[in-house]
Amino acid sequence: MSDVVMHVWRGDADGGQFEEYTIPKQDGEVVLDVIHRIQATEAPDLACRWNCKAGKCGSCSAEINGKPRLLCMTRIDTLPEGETITVTPMRAFPVIRDLVTDVSFNYEQARKVPAFNPPPRPEGGYRMSQIDVERGQEFRKCIECFMCQDVCHVIRDHEENKSRYAGPRFFIRYAELEMHPLDTNDRRDLVREEMGLGMCNITKCCTEVCPEHIKITDNAIIPLKERVVDADYDPIAWLGRKIRRRTKRTAAEAKVQPD
Amino acid sequence: MSQIEHHDYDVIVIGAGGAGLRAAIEAKGRGLKVALVCKSLLGKAHTVMAEGGVAAAMGNVYAEDNWKVHFRDTMRGGKMLNHWRMAQLHAQESPDRVQELEGWGALFDRTKDGKILQRDFGGHRYARLAHVGDRTGLELIRTLQQRAVSMDIDVFMECKVVRLTTDNDGAVTGAVAYWRPTGEFVTFGAKSIVLATGGVGKSWKFTSNSWESTGDGHAIAMWAGASLIDMECVQFHPTGMVWPLSVRGILVTEGVRGDGGVLRNSDGKRFMFDYVADMFRAETAESEDEADRWYDDHTAGRRPPELLPRDEVARSINTEVKAGRGSPHGGVFLDIASRRTADDIRKRLPSMYHQFMELAGVDITREAMEVGPTCHYIMGGVQVDPDTAATSVPGLFAAGEVAGGMHGSNRLGGNSLSDLIVFGRRAGIAAADRAENLRQPSLSESQVTEYVDEALAPFTRESGENPYDLQHELQELMQANVGIIRTESELVEALEKLEVLKERAANVAVGGGRVYNPGWNLATDLPSMLTVSTCTAQGARDRRESRGGQTREDFPKADPELGKVNFVQRQSSGRGFSSEITITPEPLPVMPDELMAIFEEESK
């Protein structure tokens with residue numbers, strides 16, 4: 001069999017360059033297999049995150065020929081034959097070393113999400129119908145590869161937006177909680193005012209790269225935008241909020257963590 | 001040592017899979033200062049790969065189910081080598097733990113009347129596994145992760161613990177670790193430490209386990225004076241992918257069989273009917289017709305033999321392949337395509353559909369999968385007190401895969417996720433109880449210096465072996481000599497070769513810097529891998545019988561006398577991975593009569 005020629009970006013926060021590796025091709029391999037063989041032979045210190053090697057943990061996100069992909073789910077034989085394969089770290093996050101980036105932005109966003117808050121469990125447990133849980137289940141398929149964050153043009157080349165934009169991964173989290181049959185918190189003001197939902201102009205880049213095929217834009221972001229708008233401008237809802245005891249807590253109240 | 005980053009906590013939890021997260025949540029809920037230390041990013045631990053479900057006798061699908069039946073199934077699956085008390089607590093408490101997850105946001109699949117749906121799995125008499133399609137582990141870890149984050153638990157991610165520190169009385173005082181992203185060291189002082197580091201499977205060539213499963217917890221516990229039990233009991237999951245070679249070992253969920261998939265050999269025969277052991281004959285179908293009736297109504301027929309416990313199925317596949325009736329790439333066929341509609345398959349087993357389509361180019365709604373046994377789980381582990389998860393080292397607790405006893409010689413599918421949440425919680429409670437009554441311990445500077453130097457040694461050697469070469473040799477050796485079928489001469493040879501590998505591991509060299517250097521990281525994993533591999537080979541040599549995850553070609557039957565003992569391993573002298581490991585048979589705890597009656601009733 002022929003060889004695989006791979007250009008792997010190597011460096012750190014101060015800069016770097018491409019290194020070329022030529023490795024004999026093996027049947028059925030994915031890009032991560034080739035990276036592993038490079039580590040085991042030529043470059044034991046080549047940095048790369050990975051865990052499950054089965055598309056379930058979302059650790060090995062990088063960019064292959066410029067596109068965000070999971071290294072473990074990209075078969076070499078699906079890439080243009082005979083052409084050099086370029087592997088670079090995710091662009092939206094600071095490089096730690098080689099293919100490993102500092103994704104702490106995402107963990108900081110996770111801390112800002114007001115917690116799930118259900119009513120007390122009734123005798124015999126909660127009852128929910130399958131159709132109601134399925135909406136949230138779609139979003140809970142997320143493996144936190146953060147490639148939707150990486151590709152999102154609001155932050156991909158705009159570091160300055162990160163302080164006021166949660167990004168697609170967290171919009172599906174907010175959507176999931178918003179649509180959760182049991183949750184009582186209301187995060188709509190928070191999503192609009194502090195999480196930058198309005199900055200998304202639904203170009204669907206996130207949906208395209210999602211390895212779990214979650215319809216991020218259609219099923220999470222657009223419905224979330226509609227709910228946020230409804231909450232803000234619907235006069236009946238406004239009146240309802242004024243005169244009825246709220247069943248959902250507002251974002252400000254919800255920020256108080258549960259016990 | 002003053003320049004090393006240091007943190008004091010009441011409780012540190014090492015490992016952030018299901019057990020670690022659950023323990024941390026419990027301790028934090030008590031108002032203590034708690035840290036979670038993990039080798040990877042939060043949410044990436046091996047729990048994420050669990051597919052089929054979490055076993056809990058809630059009785060939502062079969063009202064006849066209850067904890068006693070679950071207890072009985074677990075003990076029988078483990079060939080009665082389990083610690084009865086762990087199996088009892090597990091069966092009694094897992095329903096509450098599953099319900100608790102719902103209160104933290106988990107969204108399980110539902111029954112028609114809105115309860116948590118439960119699916120069939122090998123060795124469980126009733127449909128018992130709460131699940132979310134075939135990604136239950138992801139749901140469990142994400143739910144616990146989000147709960148932990150909402151409680152503001154401190155998390156040290158990509159931080160590898162190399163050693164535990166102890167005081168003059170042998171109690172733990174803390175841990176020495178390094179940050180993978182920087183290579184800088186960090187020490188933790190802790191009143192209680194919970195080990196939740198998972199398994200050891202990375203020491204085998206064909207494994208469902210990730211790079212993380214290097215037995216760190218088993219090893220650091222033993223180096224700190226704890227005893228290990230049943231380390232010979234390693235589970236080879238019957239269905240791992242076998243082709244392409246690069247994905248060999250990746251798990252194919254047992255849910256495929258629970259949902260109607262069957263195993264066939266190259267003649268197209270459902271061969272599992274030929275492999276029903278006496279112990280399971282009374283409850284297993286005799287014909288395909290009978291087995292097929294069972295899927296829709298468990299009273300209309302007995303269980304299909306494809307749903308025997310994993311050790312039985314794995315051995316049968318192995319035998320078929322050896323007899324020349326295997327699939328083209330050395331496995332057997334797992335067929336669900338001919339038995340369920342394409343829509344059903346995609347809905348019930350979305351990850352499997354996706355995994356085979358993308359990695360093997362196989363459409364499982366149209367073709368059979370090729371599958372074979374893959375190293376999956378270690379039943380053995382750190383010996384613990386069932387109620388508190390306390391090890392023999394004061395202040396050290398262990399929960400989840402790193403702990404031994406719960407699963408005996410073979411674990412039933414679905415009993416791992418429930419193990420994590422039942423004993424994770426118990427470890428958290430006991431760790432908190434201890435921490436509330438103690439002063440903050442201080443770390444011995446000489447220990448810290450020694451452990452830091454030990455971890456950095458691979459950088460100081462001008463020439464030495466590549467750690468990847470050693471890892472590769474270890475994996476080949478364990479696969480060949482300490483695999484699914486074992487024999488005395490091969491085990492003895494393995495132990496000799498392991499000694500040589502240990503000497504060589506003391507001489508590995510790495511280049512580059514300390515910042516995110518996988519070669520160095522592997523060099524620091526090798527001592528754990530070699531320690532636990534030695535334990536497994538030793539146990540396998542001394543347990544001269546076949547029982548669950550221990551199969552001896554030269555002793556093919558279970559020995560009733562050996563069924564009454566655990567093999568307990570300790571380090572005899574010195575500290576660290578090169579010192580000698582002793583192994584002694586010790587009697588199993590005696591099951592009380594009222595529990596014994598559950599088994600006696602049945603044999604009447």
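**Entry 1. Domains of chain A**

I looked up the domain assignment of chain A and found domain 1 at 3-101 and domain 2 at 104-254. I note here that the model is a predicted one. For the spacing I took the C-alpha centres of domain 1 and domain 2 of chain A, which lie 32 Å apart. I then checked the contact between these domains: 12 residues of domain 1 of chain A touch 13 residues of domain 2 of chain A. On the domain 1 side of that contact in chain A, I have 7 nonpolar, 3 polar and 2 charged residues.

**Entry 2. A helix pair in chain B**

Next I went to helix α14 (residues 467-481) and helix α16 (residues 518-542) of chain B. Their axes are 9 Å apart, and the helices pack at an angle of about 30 degrees. Angles under 35 degrees count as roughly parallel, so I enter α14(B) and α16(B) as roughly parallel to each other. I recorded the crossing of α14(B) past α16(B) as left-handed.

Which residues make the contact between α14(B) and α16(B)? From α14(B) I listed B:P467, B:Y468, B:L470, B:Q471, B:L474 and B:M478. From α16(B) I listed B:G519, B:L522, B:A523, B:L526, B:M529, B:L530 and B:S533. Sorted by type, the residues of this contact are 10 nonpolar and 3 polar, with no charged ones.

**Entry 3. Backbone exceptions**

I kept in mind that most residues other than glycine have a negative phi, and that most peptide bonds are trans. I then went through three places that depart from this.

The peptide bond from B:W243 to B:P244 is cis, and I have its omega near -5 degrees. I placed B:P244 in the loop of chain B that runs between β11 (234-241) and α6 (255-258).

A:N65 is not a glycine, yet I find a positive phi of about 50 degrees for it. I located A:N65 in chain A, in the loop between β3 (61-64) and β4 (67-70).

B:M80, also a residue other than glycine, has a positive phi near 60 degrees. I found B:M80 in the loop between α2 (67-77) and α3 (84-103) of chain B.

**Entry 4. Burial of the two positive-phi residues**

Is B:M80 buried or exposed? I counted 20 other C-beta atoms within 10 Å of B:M80. A residue is buried at 20 or more, so I enter B:M80 as buried. For A:N65 the count within 10 Å is 15 other C-beta atoms, and I enter A:N65 as partly exposed.

Terms used. Residues are numbered from 1 along each chain as its sequence is written. Chains are lettered from A and ligands numbered from 1 in the order in which they are written. This is a predicted model: local features need pLDDT of at least 70, side-chain atom pairs count only at pLDDT 80 or more; totals for chains, interfaces and linings use all residues. Domain bounds come from an automatic or database domain assignment. Two residues are in contact if their C-beta atoms, placed from the backbone, lie within 7 Å. Ala, Val, Leu, Ile, Met, Phe, Trp, Tyr, Cys and Pro count as nonpolar, Asp, Glu, Lys and Arg as charged, and the others, Gly among them, as polar. Axes are lines fitted to C-alpha atoms, for helices over the stretch in contact, and angles run from 0 to 180 degrees between N-to-C directions. Helices (H or I, at least four residues) and strands (E, at least two) are DSSP runs, numbered from the N terminus. Angles under 35 degrees count as roughly parallel, over 145 as roughly antiparallel, 65 to 115 as roughly perpendicular and the rest as oblique. A crossing is left-handed if the near helix is turned anticlockwise from the far one by less than a right angle, and right-handed if clockwise. A residue is buried if 20 or more other C-beta atoms lie within 10 Å of its own, exposed if 12 or fewer, and partly exposed in between; C-beta atoms are placed from the backbone.
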